[in-house]
Amino acid sequence: MTADRVVIAGAGQGGLQAAISLRQAGFGGAITLVGAEPGLPYQRPPLSKAYLPAGKAEALVLRPASFFASKDIAYLPGTVVEEIDRNAGELRLAGPDAPKRLGYGHLILATGTRNLRPPVDGLEHACGLRTLADADRLRARLATPQRIAVIGGGFIGLEFAAVARKLGHAVEVIEAAPRLMARAVSALTAERFARWHRAAGTGLHLGTAAASVDAGGVSLADGRRIDAGFVLLAAGVRPNAELAGAAGLETGNGIRVDAQLLTSDPQISALGDCACFPDPRSGRMVRLESVQAATDHARLIALRLAKGAAEPYAALPWFWSDQGDLKLQIAGLAGPEAREEAVADGVVARFDAQGLAAVETVGRPAIHMKARKLLAAEAPATLDVLRDVAAA
Ligand SMILES: Cc1cc2nc3c(=O)[nH]c(=O)nc-3n(C[C@H](O)[C@H](O)[C@H](O)COP(=O)(O)OP(=O)(O)OC[C@H]3O[C@@H](n4cnc5c(N)ncnc54)[C@H](O)[C@@H]3O)c2cc1C
């Protein structure tokens, strides 16, 4: 079978974008989009933000049902890819309306992530927040006044905490690391957000892990007890790489791909949250959890398949998080060793051995956009240039 038949496993942000971009790039072959979740593909970012208090599920949908017919894309919702048979070039599927087997010329793995379940007793008493169904369950819980414990002080836990607090609930956040968002932002930015959450009335318990969860709350490793009517588990994710691993593809912090986003099998690509790829700037193998990475990966793969383009992946990473009044935007990608410099109010730069690696802004969207340009330039900016940009 040739690559005139593309199958995409996973119908989230990146999987759908791959189908869209294939048609935009003029790909005329068959496209099948296989997704485990029911319904139409939707965007996840609002699930921890505007959707919780008052959102409409229809507004999350990325493309209407008519799109799939008009672009001749076969969409199989509620269908799980259970196995990749690389010798036969076929997938084994499970789902009420799905064929048992489906052949592919090229396979795109866009299987995303699932919530990490740390070794904490009683996690069956905690809710997660990854899917629309999770968000709907949480909305129902938020309808009546609650004491809420959030395990995990990363983006999703804090976005949820900000919404819940605004709705008048009592909220306590438990974070094992000594500061918030430790994987993603500088200490200066983390401290600014910690101040904001505390001022909003949210309790922050940093540097202490949850030891166990039960129907009445969370017991901490340091012996303290947080009483709660419900508990949100937001302690990070794991890439869905088992399908690829079982098929003998290289895995390790996700499905490993090269600069063309090809796996160790030239008939299989991987993208988005499940893919571990070489960061164009540092060469480090990284795995990003962002809409930007999923969509830019999808566009590159589509161009390669439709036009034979062989440009290496070079997109600049960027991220955002909305927590109450605070709008965080990050341009670039800083490793854990990066040092930080305050540039101006709400602007922090991070530098590594190669120079400027990332710029974090809070409520400064124009500077974020300028930082993206500076970081994408041949010779990235110095601290002085950044200070001039922030002052302009
Ligand atoms: C609550 C929340 C808030 C977020 N907020 C932001 C934000 O503010 N900014 C930002 O940039 N990013 C945010 N993200 C992250 C962003 O949504 C992801 O990075 C993005 O969705 C990744 O796209 P993806 O296609 O790789 O994976 P996903 O969109 O997660 O899609 C993967 C899909 O694959 C399906 N799947 C898995 N295995 C199989 C299988 N074997 N067979 C068939 N289907 C399968 C899954 O069911 C899922 O539907 C947020 C995520 C969440 C959960």
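## A pocket, a core and some turns

About 330 Å³ of space lies in the second largest pocket of this structure, which is a predicted model. Let's start with its walls. The lining of the second largest pocket is made up of 17 residues, and those nearest its centre are Ala 162, Val 163, Lys 166, Gln 323 and Gly 324. Which element gives the largest share of that lining? The answer is α6, with 5 residues. Two elements, α6 (155-166) and β22 (318-323), each supply at least two residues of the lining of this pocket.

Next comes the packing inside the protein. The largest nonpolar core holds 94 residues, and the members that touch the most others are Ile 8, Ile 84, Leu 107, Leu 109 and Phe 160. Helix α9 (residues 291-307) gives the most to this core, contributing 6 residues.

Phe 160 is a good residue to click on in your viewer. Setting aside its neighbours within four places in sequence, Phe 160 is in contact with Leu 52, Leu 129, Leu 138, Leu 142 and Leu 232, with Ile 148 and Val 150, with Phe 230, and with Ser 48.

Now for the cysteines. How many disulfides does a search of the whole structure find? It finds 0. Cys 274 is in no disulfide, and the nearest cysteine sulfur, in Cys 276, is 10 Å away. Seen from the other side, the sulfur of Cys 276 has that of Cys 274 as its closest cysteine sulfur, and at 10 Å this is too far for a bond, because a disulfide needs the two sulfur atoms to be within 2.5 Å. Are these two cysteines buried or exposed? Cys 274 is buried, with a relative accessible area of 0%, and Cys 276 also counts as buried, at 1% relative accessibility.

Three strands, β13, β14 and β15, are worth following one after another. Strand β13 (residues 210-214) pairs with strand β14 (residues 217-220) in the antiparallel sense, and β14 in turn pairs with strand β15 (residues 225-227), again antiparallel. The two pairings are set out here.

| Strand pair | Bridges | Residues between the strands | Residues standing opposite |
|---|---|---|---|
| β13 and β14 | 4 bridges | 2 residues | Asp 214 and Gly 217 |
| β14 and β15 | 3 bridges | 4 residues | Gly 217 and Asp 227 |

Gly 217 in β14 therefore appears in both rows: it stands opposite Asp 214 and opposite Asp 227 in β15. Each pair forms a hairpin. In the hairpin of β14 and β15, Gly 223 takes a positive phi near 95°.

Positive phi values also turn up outside glycine, and two such residues deserve a look. Most residues other than glycine have a negative phi. Asp 72 has a positive phi, near 55°, and its place is in the loop between α4 (65-70) and β3 (73-76). Met 181 also has a positive phi, near 45°, and lies in the loop between β11 (170-175) and α7 (187-199).

Where do these two loop residues stand in terms of burial, buried or exposed? Asp 72 counts as exposed at 57% relative accessibility, whereas Met 181 counts as buried at 4%.

Terms used
Residues are numbered from 1 along each chain as its sequence is written. This is a predicted model: local features need pLDDT of at least 70, side-chain atom pairs count only at pLDDT 80 or more; totals for chains, interfaces and linings use all residues. Side-chain values use heavy atoms; hydrogens and water are left out. A nonpolar core is a set of buried Ala, Val, Leu, Ile, Met, Phe, Trp, Tyr and Cys residues joined through side-chain atoms within 4.5 Å. Buried means under 20% relative accessible area, exposed over 50%, partly exposed in between (1.4 Å probe, protein chains only). Contact means heavy atoms within 4.5 Å. On a 1 Å grid over the protein atoms alone, a cavity is a set of points where a 1.4 Å probe fits but cannot get out, and a pocket is an open set with protein on both sides within 12 Å along at least five of seven lines; lining residues have an atom within 4 Å of a point. Grid points are joined across faces, edges and corners, and a volume is the space filled by probe spheres set on the points.
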